[in-house]
Amino acid sequence: MDNKSLVSIDDYSKEEIMEVLTRAAEFEKNPNSKLLEGKVIASLFFEPSTRTRLSFETAINRMGGRIVGFSDSSSSSVTKGETLNDTTKMVSNYCDLIVMRHPIEGAARYASEVADIPVINAGDGANQHPSQTMLDLYSIMKTQGTLENLNIFMVGDLKYGRTVHSLLMAMSHFNPTFHFIAPPELEIPSAYKIFMEKNNIKYFEHTDFDEIINEADILYMTRVQKERFADPLEYEKVKNVYILRNSMLTNTKENLRILHPLPRVNEIDVDVDANPKAYYFEQALNGVYARQAIIAKALNL
């Protein structure tokens, strides 16, 4: 495996994606190892996170590594005016790898150019979330037996949803058909439509959330992200537009699996949780194995 950062999902070729998924399956069979013994990993979360941060920290702990860093930028020298350049350079003196979440798009790419060690992007603004994408791909592979020729339905916040953007780009290698269900205010950005058209990827846009989901192999639900809206009234207008209820799944395909990057607010009713097609909690567990594989690749282990 190459020693390299993972900032955007397109840092990985199709072959590298498959390589990491194969490695994730190995970690699932045997999650505890000493691969990171003697290694120190910096966990720099300039933006709040629960699942991503704990998932990375669990992955590191299970591999025998040590973790330093912060989960809130208010406890760092950023509050004193330290630049991202200086924070990154300072931390790269101490550690073997940086895992970073930052509210500003492009921050992780900048850090990877400044640091002397690999950087893994744990989410930068509304831009990319490549480790989430790898666990999403692993979840799709596990439940469908393939990544090829699938009907992927994405619902909700497709404008600001960085998990959606990353997954779309990753799935472009595997001949998907996308269906995007969103209100006009939250439709998929035009840059991604251009990307799909250039790559001959079939996609359809919808505003209604109805029986069209009966054709889905994967139903990818997303939270409308209040924190990305400058105007609270705009958020109030769209926050409850799409709610998945158990009754809506009656005529869906047997192989359908429902994914969600979490946290859930109210876009999936709790009555869906007991349905065998609900997979979002297992999906979160898959994040540990996928992130173990990403770390191993970044450090050439």
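This is a short walk through the sheet, one helix pair and the nonpolar cores of a predicted model.

Ground rules. Local features need pLDDT of at least 70, side-chain atom pairs count only at pLDDT 80 or more, and totals for chains, interfaces and linings use all residues. Residues are numbered from 1 along each chain as its sequence is written, and side-chain values use heavy atoms, leaving out hydrogens and water.

Start with the sheet. It is open, with 5 strands in the order β7-β6-β5-β8-β9, and the pairing is parallel. Strands here are DSSP E runs of at least two residues, helices are H or I runs of at least four, and both are numbered from the N terminus. Two strands pair if DSSP finds at least two bridges between them. At the edges sit β7 (202-206) and β9 (257-259), each pairing on one side only. Neighbouring strands turn by 20° against each other on average, direction ignored. For angles, axes are lines fitted to C-alpha atoms, for helices over the stretch in contact, and values run from 0 to 180 degrees between N-to-C directions.

Now β6, residues 177-181. It pairs with β7 in the parallel sense over 5 bridges. Phe 180 stands opposite Glu 205 in β7. Helix α7 (residues 190-198) packs on the sheet and touches β6 and β7. Its direction makes about 145° with that of β7.

On to β5, residues 151-155. Here 4 of the 5 residues are buried, meaning under 20% relative accessible area with a 1.4 Å probe, protein chains only. β5 also pairs with β6 in the parallel sense, over 5 bridges. Which residue in β6 is the bridge partner of Met 154? Phe 180.

Both residues come back in the largest nonpolar core. Such a core is a set of buried Ala, Val, Leu, Ile, Met, Phe, Trp, Tyr and Cys residues joined through side-chain atoms within 4.5 Å. This one has 57 residues; Met 134, Leu 137, Met 154, Phe 178, Phe 180 and Ile 295 touch the most other members. Helix α9 gives the most, with 8 residues. Beyond four places in sequence, Met 154 has contacts (heavy atoms within 4.5 Å) that include Val 164, Leu 168, Phe 178 and Tyr 220. A second, separate core of 18 residues includes Ile 213, Leu 244, Ile 258 and Tyr 280.

Last, the helix pair. The axes of α5 (residues 130-144) and α9 (residues 280-298) come within 8 Å and cross at roughly 115°. Among the residues that meet are Met 134, Leu 135 and Tyr 138 in α5, and Tyr 289, Ala 290 and Ile 294 in α9.

Methods:
Buried means under 20% relative accessible area, exposed over 50%, partly exposed in between (1.4 Å probe, protein chains only).
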